[in-house]
Amino acid sequence: MSIQQIRLFGDPVLVTPTSPVIDFDKELRTLVADLTQTMLDAPGAGLAAPQIGVPLRVFVWDVDQELGHLINPTLNLSPEIQEGEEGCLSFPELRYETPRAMRVVAKGFNMYGEPIVVEGSELLARAIQHETDHLDGILFIDRLSPEDRKLAMKEIRESEWFGTSLDLGVIPRVKISPHNPFDKGL
Ligand code: ZN
């Protein structure tokens, strides 16, 4: 079990759809442990496998002092929408208003291959939608209004971290200072 490097926007792994987990083996349980440890260290409210360079449908969360993980998720979203800002550990310090469904029912599996259902609202629902998007190669900036997306891209281009992941294959680990839970990236 170890803390992994978090991939930053610009790394192609973040925009590549991932594959379903087939083997619920020891390796998968190590992946869940690594994701959890890396998320807690960041700290973040959620982390998806492609964010540490693993193209599998696995993510973890830390919401309201509860840790969770989900494998091969399928989501059912409420028609009701929630407002609120969102960030992402792969976009250090960026936060933008991102509309999400207020409630979600997520079906999938735990790391032992047992079917589970996770029901969440507000921040948990937001985290589950954000992380499931990661598994499809979709990033939170894709969910912004066109105006905010333009602002976000400008902020990214001007950020210190942007482009560093492309230099000589060296990916620096960016540590975000602790915020309250609602300020954590996902
Ligand atoms: Zn994210």
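Helices here are DSSP runs of H or I with at least four residues, and strands are E runs of at least two, both numbered from the N terminus. With that in hand, T36 can be placed: T36 sits in helix α1. Keep in mind throughout that this is a predicted model.

## The chain as a whole

Let's start with the big picture. The protein chain has 3 helices and 9 strands. Follow the sequence from start to end and the pattern reads α-β-β-β-β-β-β-β-β-β-α-α. The radius of gyration is 15 Å, close to the 16 Å that the globule rule gives for 186 residues, so the protein chain is as compact as a globular protein of that length. Along its principal axes, the C-alpha trace spans about 45 × 40 × 30 Å.

How much of the protein chain counts as buried? Of its 186 residues, 49% do. Sequence distance matters for the contacts, too: among those between residues at least 6 apart in sequence, 68% join residues at least 24 apart.

On the outside, the protein chain exposes about 9,400 Å². Carbon and sulfur atoms supply 54% of that area. As for charge, there are 17 positive and 29 negative side chains, and the centres of these two sets lie 2 Å apart.

## Helix α1 and what surrounds it

Helix α1 covers residues 26-41, which makes 16 residues. From its first C-alpha to its last, α1 reaches 22 Å, close to the 22 Å expected at 1.5 Å a residue.

Which residues of α1 are buried? They are L28, L31, V32, A33, D34, L35, T36, T38 and M39. The cover over these buried residues includes strands β1 (46-48), β2 (58-63) and β3 (66-77).

Now back to T36. Its relative accessible area is 17%, and buried means under 20%, so T36 counts as buried. Leaving out residues up to four places away in sequence, T36 touches V60 and L67.

Just ahead of this helix, things look different for one residue. I22 lies in the segment before α1, and at 73% relative accessibility I22 counts as exposed. I22 also has a partner worth finding in the viewer: the C-alpha atoms of I22 and G113 are separated by 9.3 Å, with their positions 91 residues apart along the chain.

On the other side of α1 comes a loop that leads to β1, and P43 lies in it. A cis peptide bond joins A42 and P43, with omega at about -10°.

## Strand β3: H69 and N72

Two residues of strand β3 deserve a stop. H69 has its place in β3. Is H69 buried or exposed? With a relative accessible area of 17%, H69 is buried. What does H69 touch, once neighbours within four places in sequence are set aside? Its contacts are V32, F59, V60, W61, N110, M111 and I116. One of these, V32, is also on the list of buried residues of α1. H69 and H134 are 65 residues apart in sequence, and their C-alpha atoms are 14 Å apart in space.

N72 is placed in β3 as well. At 17% relative accessibility, N72 counts as buried. Its backbone has a feature to look for: phi of N72 is near 50°, a positive value in a residue other than glycine.

## Positive phi elsewhere

E93 has a positive phi too, near 75°, and is likewise a residue other than glycine. You'll find E93 in the loop between β5 (85-86) and β6 (96-97). At 66% relative accessibility, E93 counts as exposed.

## Helix α2

Helix α2 runs over residues 122-135. At 1.5 Å a residue, its 14 residues should span 20 Å, and its end C-alpha atoms are indeed 20 Å apart. How many of its residues are buried? The count is 13 of 14, so to speak a mostly covered helix. After α2 comes G137, whose phi is positive, near 75°.

## Accessibility side by side

Here are the single residues from the sections above, put together.

| Residue | Relative accessibility | State |
|---|---|---|
| T36 | 17% | buried |
| H69 | 17% | buried |
| N72 | 17% | buried |
| E93 | 66% | exposed |
| I22 | 73% | exposed |

How values were computed. Residues are numbered from 1 along each chain as its sequence is written. This is a predicted model: local features need pLDDT of at least 70, side-chain atom pairs count only at pLDDT 80 or more; totals for chains, interfaces and linings use all residues. Side-chain values use heavy atoms; hydrogens and water are left out. The radius of gyration is taken over C-alpha atoms; the globule rule is 2.2 Å times the number of residues to the power 0.38. Buried means under 20% relative accessible area, exposed over 50%, partly exposed in between (1.4 Å probe, protein chains only). Contact means heavy atoms within 4.5 Å. Accessible areas come from the Shrake-Rupley method with a 1.4 Å probe; for residues, only the protein chains shown count as cover. Lys and Arg count as positive and Asp and Glu as negative; His and the chain ends are not counted. The place of a charge is taken as NZ of Lys, CZ of Arg, CG of Asp or CD of Glu. The expected span of a helix is 1.5 Å times one less than its number of residues.
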